[in-house]
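Trainee: I would like to practise reading charged pairs and surfaces in a protein model. Could we go through one together?

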Amino acid sequence: MLVLFNKPFNVLSQFTGDAHTRTLTEFIDIPDVYAAGRLDADSEGLVMMTDDGDLAQRLTHPRYEHPKTYEVDLRGNLSDDQIEKWRRGIVLDDGPTLPAQVTVTSRNNDVTHLTIVMREGRKRQIRRIASLLGTPVSRLVRTHIGPLALGNLRPGEWRYLSDSELEMLQKQAKSPAR
């Protein structure tokens, strides 16, 4: 079983938490599914849920390098040189990042809007890179996981994958690790 969910801001990507945290339980009542991959509480967007651990591993583990797309708002104006550094890869405290596709969708003195396509997903990677470059993230929304798109799902909504989406994912999951 595979489900796509538009995770709202300030919700954990898990079904358990303390009394003061919002979790997936508030939105999804399907037995035996779990989030395949994580999305920080302060991030929004596409989360895939499944009961198939092997498929989840093959679609979300960084060694398979399946792309994930994010729409990101940064506080401040990121220079062309900084964007080029991000594209080539940045050295973080846990090692160098893979190159990423970073596209400026708009820019003004207060905010830089980016579309970022990455093939890895370390803990808080986008936020860590943006902070290192001096432009903290003000909003981060994952819009795609591989070929799957958030589409018109509103925050808190979910849907089952179509047969054609399932077939496409199973084909993608067969690609070898890099």
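Trainee: Which residue forms a salt bridge with arginine 154?

Mentor: Happy to help, and keep in mind that this is a predicted model. A salt bridge needs a side-chain nitrogen of Lys or Arg within 4 Å of a carboxyl oxygen of Asp or Glu. For arginine 154, the closest N and O atoms of the pair are 2.9 Å apart, and the partner is glutamate 157.

Trainee: Is arginine 154 buried or exposed?

Mentor: The cut-off to remember is that exposed means over 50% relative accessible area. Its partner, glutamate 157, has 26% and counts as partly exposed. Arginine 154 has a relative accessible area of 55%, so it is exposed.

Trainee: Where do arginine 87 and glutamate 84 lie?

Mentor: These two form a salt bridge, with their closest N and O atoms 3.4 Å apart. They are 3 residues apart in the chain, about one turn of the helix. Both sit in residues 80–88, which is helix 2.

Trainee: How does the accessibility of arginine 87 count: what class is it in?

Mentor: Values between 20% and 50% are called partly exposed. Glutamate 84, at 31%, falls in that class. Arginine 87 has a relative accessible area of 33%, so its class is partly exposed.

Trainee: How many residues apart are aspartate 94 and arginine 128?

Mentor: Aspartate 94 and arginine 128 form a salt bridge, their closest N and O atoms being 2.7 Å apart. This pair links distant parts of the chain: aspartate 94 is in the loop between strand 5 (91–92) and strand 6 (95–96), while arginine 128 is in helix 3 (residues 125–132). Along the chain, they are 34 residues apart.

Trainee: Which residues are linked with Asp94 and Arg128 in a network of salt bridges?

Mentor: Start from the pair we just met: aspartate 94 is partly exposed at 42%, and arginine 128 is partly exposed at 24%. Their network of salt bridges also takes in Asp93, Glu120 and Arg122.

Trainee: Which residues form a nonpolar patch on the surface with Met1?

Mentor: Methionine 1 is found in the segment before strand 1 (2–7). A patch residue needs over 30% relative accessible area, and methionine 1 has 42%, which counts as partly exposed. Together the patch has about 300 Å² of accessible area, and the partners of Met1 are Trp158 and Tyr160.

Trainee: How many salt bridges does a search of the whole structure find?

Mentor: We have looked at some of them, including the pair of arginine 154 and glutamate 157. For the whole structure, the search finds 14.

Note on methods. Residues numbered from 1 in each chain as written. Predicted model: local features only at pLDDT ≥ 70, side-chain atom pairs only at ≥ 80, totals over all residues. Heavy atoms only, no water. Helix = DSSP H or I, 4+ residues; strand = E, 2+ residues; numbered from the N terminus. Buried < 20%, exposed > 50% of the residue type's maximum accessible area, 1.4 Å probe, protein only. Patch = residues over 30% accessible without salt bridge, like charges linked within 9 Å, V, L, I, M, F, W, Y side chains within 5 Å. Areas by Shrake-Rupley, 256 points an atom, 1.4 Å probe, with all protein chains shown as cover.
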